Amino acid sequence: MQKEEAAPNDQEENEAEALELVLFQVPECYVYLIPPRKSAASYRADEWDVNKWVWEGILKVISKGEECIIRLEDKNTSELYARAFLRKGEPHPVEPVIDSSRYFVLRVEENIDGRLRHAFIGIGFRERTEAYDFQAALHDHMKYLDKKKTAEEMEQKFQQTSLVDYSLKEGETLVLQLKNKSAEIVKSKVSENNSPDKKANQKEPLICIKPPPPPPGPLSPSTGQKSPTNCPPNLNLLGDSNHKASESTEDDSKESISSGNEITQDIPDDDFGDFQTAS
């Protein structure tokens, strides 16, 4: 029973690994026969006859699990011409030339009679944008492998840490020491208010008191009926209070003198009578 249950799982894993994702495809790719490398220097496209290619067809970059396959297929029949593999930890199968951005050297592999053989061929693209997209597809696959590796490492670390048992054993107890935060906040506020620095910074408020008005002058009968026109102004500590007070006292003295003259002129001497008529 256990073997029968494990079989479908193996089939599902094989199907998931067999899924292929096309990362890049171009309808025109040219293959060249290149001379063997004479030294450790890089390849140069000007050593090839780029106007005479030996094959023309479709180039595909396919991602299959952790492998990236570069396939050269026929335009009409989709027959495989050659293929190269990009694997993690192995030499990169694509090498750009040093004198052009549209030509590369491809390391192809073929299994012949149970033996893996490889060869180097030259490939070229018609447009520079196609060559750039070809390199970007290979770079994306390598980036995918790096992210997959980091994810697996994180999963292993999580599994190792999750196996730790944090439960209390028999006889173990937990001691919690809780502090009253509200009381500490009140004490800190009281200490801040009673600090000598804060008291030194506080200034006593200034009190502004208006001075009393000057005494009013004597009133005459004639002027008593009229409403006073000259009222003493309000005085402030910040203004010229002495100057205004002196002016108000001068005005009051003038009014008192004028009122006394009017009284002497208006009231007749009734007590002594008319001396002219009596003589």
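Is Lys88 buried, partly exposed or exposed? At 45% relative accessibility, Lys88 counts as partly exposed, because the buried class ends at 20% and the exposed class begins over 50%. The structure is a predicted model. What follows works from the overall fold to the sheet, then to charged pairs and a nonpolar patch.

## Overall layout

The protein has seven helices and seven strands. Along the sequence, the pattern reads α-β-β-β-β-β-β-β-α-α-α-α-α-α. Of the 279 residues in the protein, 18% are buried. The accessible surface is about 22,800 Å². Carbon and sulfur atoms hold 52% of that surface. Contacts were also sorted by sequence separation. Among those with a separation of 6 or more, 58% join residues 24 or more positions apart.

## The sheet

In what order do the seven strands of the open sheet lie? The order is E4-E3-E2-E1-E7-E6-E5, and the pairing is antiparallel. Strand E4 (80-86) and strand E5 (94-96) stand at the edges. Each has a single partner strand, so one side of each is left without a neighbour in the sheet. On average, neighbouring strands are turned by 30 degrees against each other, direction ignored.

Strand E1 spans residues 21-32 and strand E2 spans residues 55-64. Eight bridges join E1 and E2 in the antiparallel sense. Within this pairing, Gln25 stands opposite Lys60 in E2. Tyr30 stands opposite Glu56 in E2.

E1 also pairs with strand E7 (residues 115-125). Here four bridges are found, and the two strands run antiparallel. Cys29 stands opposite Phe125 in E7.

## Salt bridges

Side chains of opposite charge can pair when their charged atoms come close. How many salt bridges does the count give? The count comes to twelve. Three of the pairs are set out below.

| Pair | Closest N to O distance | Places in the fold |
|---|---|---|
| Glu28 and Arg126 | 2.8 Å | strand E1; loop between E7 and helix H2 |
| Lys60 and Glu73 | 3.4 Å | strand E2; strand E3 |
| Asp146 and Lys88 | 2.6 Å | helix H2; loop between E4 and E5 |

Take Glu28 and Arg126 to begin with. Their salt bridge has its closest N and O atoms 2.8 Å apart. The pair links distant parts of the chain, 98 residues apart. Glu28 sits in strand E1, while Arg126 sits in the loop before helix H2 (128-162). Glu28 is partly exposed at 27% relative accessibility. Arg126 is also partly exposed, with a relative accessible area of 47%.

Next come Lys60 and Glu73, which meet in a salt bridge at 3.4 Å, N to O. Lys60 lies in strand E2 and Glu73 in strand E3 (residues 67-73), so the pair ties together parts that are 13 residues apart in sequence. Is this pair buried or exposed? Both Lys60 and Glu73 are buried. Lys60 is also the residue that stands opposite Gln25 in the E1 and E2 pairing.

The third pair returns to the opening residue. Asp146 and Lys88 meet at 2.6 Å, N to O. Asp146 lies in helix H2 and Lys88 in the loop between E4 and E5, so the salt bridge ties together parts 58 residues apart in sequence. Asp146 is partly exposed at 36% relative accessibility.

Beyond these pairs there is a network. Salt bridges link Glu67, Arg87, Glu90, Arg107 and Glu109.

## A nonpolar surface patch

Which residues make the nonpolar surface patch of about 310 Å²? The patch is made by Leu33, Val54 and Tyr81.

Tyr81 is found in strand E4, which is one of the edge strands. At 39% relative accessibility, Tyr81 is partly exposed.

Val54 has its place in the loop between E1 and E2. At 45% relative accessibility, Val54 is partly exposed. Leaving out residues up to four places away in sequence, Val54 touches Val31, Tyr32, Leu33 and Tyr81. Both patch partners, Leu33 and Tyr81, are therefore in contact with Val54, contact being heavy atoms within 4.5 Å. Val54 and Leu33 are 21 residues apart along the chain, yet their C-alpha atoms are separated by 7.1 Å.

Technical notes. Residues are numbered from 1 along each chain as its sequence is written. This is a predicted model: local features need pLDDT of at least 70, side-chain atom pairs count only at pLDDT 80 or more; totals for chains, interfaces and linings use all residues. Side-chain values use heavy atoms; hydrogens and water are left out. Two strands pair if DSSP finds at least two bridges between them. Axes are lines fitted to C-alpha atoms, for helices over the stretch in contact, and angles run from 0 to 180 degrees between N-to-C directions. Patches are made of residues with over 30% relative accessible area and no salt bridge: like charges are joined within 9 Å, nonpolar side chains (Val, Leu, Ile, Met, Phe, Trp, Tyr) within 5 Å. Accessible areas come from the Shrake-Rupley method with a 1.4 Å probe; for residues, only the protein chains shown count as cover. A salt bridge is a side-chain nitrogen of Lys or Arg within 4 Å of a carboxyl oxygen of Asp or Glu. Buried means under 20% relative accessible area, exposed over 50%, partly exposed in between (1.4 Å probe, protein chains only).
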